[in-house]
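Dear colleague,

Please find below the sequence and the structure that I am handing over to you. My notes on what was found follow directly after them.

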Amino acid sequence: MDPNTVPSQSPANGEVVLDVQDIHVYYGQVHALKGVSLQIMRNEIVTLIGANGAGKSTTLSAISGLAKPRTGRIVYEGRDLSGVPAYDVVKLGLSQSPEGRRIFPRMSVKENLEMGAFSRSNKDLGADFERVYHLFPVLSERKSQPGGTLSGGEQQMLAMGRALMARPKLLMLDEPSMGLAPMFVEKIFDIIKEINSQGTTILLVEQNANVALEVSNRGYVIETGQVVLADKASELLKNPQVQEAYLGGA
């Protein structure tokens, strides 16, 4: 796909929550992101799809404050995030469930969840535990169990639950279905839809492009650090280039 032919797909009318403007990110001499731009409207699910190494996770890291763009701007709810440290980004209402889960294996499930609320000034977590245990009942059953003893699917649920404990307005999910059995994949995406229905905007990075686009409003395709295609998710599912490259089409 040619990045010079990206369609000017604008989001539907609504409130822009996140506006990523032409960001360039380097790792040493490696030019990882080469002018990525995207917008997310309130209450949307937006997915980023692309091959390994395309720049999807780097985009999330830049938004989270973990990777600093050399040029470009990231504006969240009207505030420029340039120079804002990652721990303050969380306080502003952005939370991320990282690729590979990265839970604390020796800490209990409940302690892992408590860590997700570290940035909050309000430490009354009763309603938050109730919400997470409603979404992920298995975590309630395992709350005293060390996180490292959970199955892969349960650890993914724990990572997502931990991110929700920050009470994010925008939740970023990096490869939530990675390494999971099909049964768990279906559960995870059902829960993603429920979280969104509760009023949380979601930015989703996912290799399983079919499932991701089916639950999303819009999508962006990233190749070698550039957005090469942007459209409604329903249109991307029908796009021959996307089908061939990411959806297993002929």
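**Findings: a strand residue to begin with**

V228 counts as buried, because its relative accessibility is 3%. Please note that the coordinates are those of a predicted model. V228 belongs to strand β10, which spans residues 226-232. The C-alpha atoms of V228 and G50 are 9.9 Å from each other, although the two positions lie 178 residues apart along the chain.

**Helix α4 and its two sides**

Helix α4 runs over residues 126-135, and its buried residues are D128, F129, V132, Y133 and L135. These residues lie on the same side of α4, because they cover an arc of only 160° around the axis. A127, E130 and H134, on the other side of α4, are exposed.

Against which helices do the buried residues of α4 pack? The partners are α3 (109-115), α5 (137-141), α6 (152-164) and α7 (182-197).

The pairing with α7 can be described further. The axes of α4 and α7 come within 11 Å and cross at roughly 140°. Angles over 145 degrees would count as roughly antiparallel. The two helices α4 and α7 are therefore oblique to each other. At their contact, R131, H134 and L135 of α4 meet I191, E194 and I195 of α7. H134 thus appears twice in this account: as an exposed residue of α4 and as one of the residues of α4 that meet α7. L135, which is also among the residues meeting α7, is one of the buried residues of α4.

**The aromatic pair**

One aromatic pair is present in the structure. The ring centres of F129 and Y133 are 5.8 Å apart and the planes stand at 20°, so the pair is stacked. Both residues are part of helix α4, where they are four residues apart, about one turn of the helix. F129 counts as buried because its relative accessibility is 11%. Y133, at 14% relative accessibility, counts as buried as well.

**Charges over rings**

Two residues with a charged side chain deserve mention here. R70 lies over the face of Y26, at 3.7 Å from the ring centre. K187 is placed over the face of F184, and its distance from the ring centre is 5.4 Å.

F184 also leads to a residue of helix α6, namely E154, since F184 is among the residues that E154 touches. Is E154 buried or exposed? E154 counts as buried, because its relative accessibility is 11%. Apart from residues up to four places away in sequence, E154 touches V138, L139, R142 and F184.

**Positive phi angles**

Which residues other than glycine have a positive phi? D22 is one of them, with phi near 55°, and N43 is another, with phi near 75°. D22 lies in strand β1, residues 16-27, whereas N43 is located in the loop between β2 (30-41) and β3 (45-49). D22 is partly exposed, because its relative accessible area is 42%. N43 has a relative accessible area of 41% and is therefore partly exposed too.

**Q21 and G148**

Q21 is another residue of strand β1. Q21 counts as partly exposed because its relative accessibility is 26%. With neighbours within four places in sequence left aside, Q21 is in contact with V36, S37, G72, R73 and V75. The C-alpha atoms of Q21 and G152 are separated by 35 Å, and the two residues are 131 residues apart along the chain.

G148 is located in the loop between α5 and α6. At 40% relative accessibility, G148 counts as partly exposed. Which residues does G148 touch, not counting those up to four places away in sequence? They are I103, P105 and Q155. G148 and R102 are 46 residues apart along the chain, and their C-alpha atoms are separated by 10.0 Å.

With kind regards

Note on methods:
Residues are numbered from 1 along each chain as its sequence is written. This is a predicted model: local features need pLDDT of at least 70, side-chain atom pairs count only at pLDDT 80 or more; totals for chains, interfaces and linings use all residues. Side-chain values use heavy atoms; hydrogens and water are left out. Buried means under 20% relative accessible area, exposed over 50%, partly exposed in between (1.4 Å probe, protein chains only). The arc is that of the directions from the helix axis to the C-beta atoms. Contact means heavy atoms within 4.5 Å. Rings of Phe, Tyr and Trp (its six-membered ring) pair if their centres lie within 6.5 Å; planes under 30 degrees apart count as stacked, over 60 as edge-to-face and the rest as tilted. A charge sits over a ring if NZ of Lys or CZ of Arg is within 6 Å of the ring centre and within 35 degrees of the ring normal. Axes are lines fitted to C-alpha atoms, for helices over the stretch in contact, and angles run from 0 to 180 degrees between N-to-C directions. Angles under 35 degrees count as roughly parallel, over 145 as roughly antiparallel, 65 to 115 as roughly perpendicular and the rest as oblique.
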